[in-house]
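Grab a coffee and work through these short exercises with the model open beside you. Each one sets a task and then walks through a solution.

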Amino acid sequence: MKRFFRALTAPLLASTLFAGSIPLPIGNAQAQESVSPRVAQVPQTPDQVVECELLIVGGGLAGTATAYESLRMGHTVCMTELTDWVGGQISSQGTTALDESREQRRQLFYSRGYKELRDRVEAKYGELNPGDCWVSASCFLPADANAILMEMLAEAEREGGGELKWFPNTVVKDLSLSADGTQIEEVVAIRHSPAPGTAPLNTDFLSEIIEDVYTYDDSARLSKEVIQFVPAGIELERVENAPNSRVDWFVVEATETGELIALADVPYELGLDPRSPLNPSSPVLERDPYCTQGFTYTFAMERTAEPQTYDIPEFYSTYQPYYSWERERDSLKTAQDHFDFVFTYRRLWNASPQAEGTIAGVSRPSVGDISMQNWTWGNDYRPGTELDNLILTEDQLAASGQLEPGGWLGGLRTDTLRKGEENAIGFFYWLTTGTTDSQIDNSWKEPEPYNVYMQGLDSPMNTAHGLSKYPYIREARRIIGRPAYGYENGFMISEIDFSWNDFTSEYYQQNLDEETYTSLRRYLAGLGTVSTFDPDADPNTFPIRMRSRLYPDTVGIAQYAIDFHPCMRDYPAEAPGNIERPGVRQAHGQAYPAQIPLRAMIPQRIDNMLVASKSIAASYSAAAAYRVHSFEWSVGAAAAHSIDFSLRNGVLPYELVDELPSYEPLLDQLRAELQGSGNPVQFPNTSIFNEDWGNWRPW
């Protein structure tokens, strides 16, 4: 033990105590292999050249939050979005049921913009939960979410003096890198509109047009406009300690699947991580990039006074063997109870708040109620093999030519999108006509004909077909952060960094080898880490910290349970008798209030790109919690302030963290600015000494 103390340097000890890890020294934390410059191949002169200080690719909640904060700070912001709505999860993806943790909600401990969003929802309806749903404290209609967010952006623009250049129905097609491969110099995008004489947008299923959307040439269905985004040419202030840091603009990755990550060729991961002391619940020993979380096309249905008749889709029999109420619940006594339970789960509009009877603590369905469906054994589509995975891997992209200049088509498997659409529509017909259940006794399922499927451009999803404009994506490509002290293979948030799981349980003692289990317990020892290096120590006697890992570079907050919608084991996902991939749910459960470290937002190689979405550097298990609404807003706010700080001070984001765990004064300034603007970087009473988090269980 004395020998260990003599060998332990001061920086190593500091990192051990504050981060709770056992750092591994590396030679040069920022040394990275450079890439060849990439030059966008544009087949014609662009129709528009647009200048930006920030280009935000993706108008979901993270992208909207980035724009909101940046506009308030006076910046010129360009934002592209594949659909015509901002808000992602709460608008174009239809999941307007806010996933929130109990204590965080009770204290309203959120970023200022997210709090404003909630306040505006309440002002719009006169209450926060006009749907009277039971899954959330707030369920509301997607079109209203888009309208509220657009109002927020317009006010931020007026009050802050910024300028928003908004490009709906626009996708990034290609980009150019500098000669040394460290900066994005220009981005080429395609904006689409209906071809003359054709139906409005939001008429077609996404699977029918997505490849057309990413193609330069006009088609019989779509007219195209090619847009070239370039830096605004601003003059940047220099600082003495970073005289060579010079960047013309920033590009923000805020897409739903991590498109820019693939296009820019920065290191990333996808799917299940190999089992390790940092991710001990993983069911695999080698990475499985095909088993990602299920995606969901949501839809809305309305309760009617009269029974409806339905035409059964021709594909219904393909998906019918999958559908289920999931499991029996003691509180549900009849088939009607099961239906009402699912209907009110994510009810977006309650037409009769005083309706008689309750289910799951809320009023039962009544005529005029509108429910959004997002159910695991329903419209979740959960492929998990190389034959049907939705988000194509790097090898699959290369084989298809999508990584070649001009070859990008969105990086998704179109046929799997189509199957997800069919599966969702089929689920409605199962809800209303089905009499079978794949997981429990068929006696719990009876027809429920007093419901209508809502479709049309005036429907809640604003689509002719009734499905959400874009599927709800739970998992994206996830960057591997830059090598850093203690992270020689690249920075990554891991399962044990914030999980509330009992890692002392018999499962881990039996399923991990001795070395892995000992390392796991050592990582969790917190302030007692030093004592774990006694060669005679029993790992079962090591202390367990009762809090999240604390990051010196935290720039935002996140809390939600580690929540899985696992891939299915076999191909195809809807095969009769198919089961969830065994073992994936082992990490499922409670999580401590956590932090968003700046290092998780900085990709390797590219200096002027930040990640402000579900694509931050996080393992599969960590990403299962770092994906909900308030996290997306917090990470977007962090990106905006980090970029503003960089532009004002002539320093690149990685330079704020490249000397950690040594003191970084500029990093402290950035964190103070975030805090001062109403965007918290840590939860109340956070310190290495406070392990009293019992009231903060998310569920």
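**Exercise 1.** Work out whether strand 11 is largely enclosed by the rest of the structure in this predicted model.

*Solution.* Start with the cut-off: a residue counts as buried when its relative accessible area is under 20%. Next, go through the 5 residues of strand 11: 4 of them are buried. So strand 11 is largely enclosed by the rest of the structure.

**Exercise 2.** Find the pairing partners of strand 11 and place them in their sheet.

*Solution.* Take strand 15 to begin with. Strand 11 (residues 299-303) pairs with strand 15 (residues 370-373) through 4 bridges, in the antiparallel sense. For a pair to click on, try Ala-300, whose bridge partner in strand 15 is Met-372.

Now turn to strand 17. Strands 11 and 17 also run antiparallel, joined by 3 bridges. Here, Glu-302 has Val-452 of strand 17 as its bridge partner.

Put the pieces together, and you get an open sheet of 4 strands in the order 12-15-11-17, paired antiparallel. Strand 12 (347-349) and strand 17 (451-453) are the edges, each pairing on one side only. Ignoring direction, neighbouring strands in this sheet are turned by 35 degrees against each other on average.

**Exercise 3.** Compare the reach of helix 16 with its expected span, then check its surroundings.

*Solution.* Helix 16 covers residues 629-649, which is 21 residues. At 1.5 Å a residue you'd expect 30 Å, and the helix reaches 31 Å from its first C-alpha to its last, so the two are close. As for burial, 20 of the 21 residues are buried, so helix 16 is largely enclosed by the rest of the structure. Right after helix 16 comes Gly-650, with a positive phi near 60 degrees.

Methods. Residues are numbered from 1 along each chain as its sequence is written. This is a predicted model: local features need pLDDT of at least 70, side-chain atom pairs count only at pLDDT 80 or more; totals for chains, interfaces and linings use all residues. Side-chain values use heavy atoms; hydrogens and water are left out. Buried means under 20% relative accessible area, exposed over 50%, partly exposed in between (1.4 Å probe, protein chains only). Two strands pair if DSSP finds at least two bridges between them. Axes are lines fitted to C-alpha atoms, for helices over the stretch in contact, and angles run from 0 to 180 degrees between N-to-C directions.
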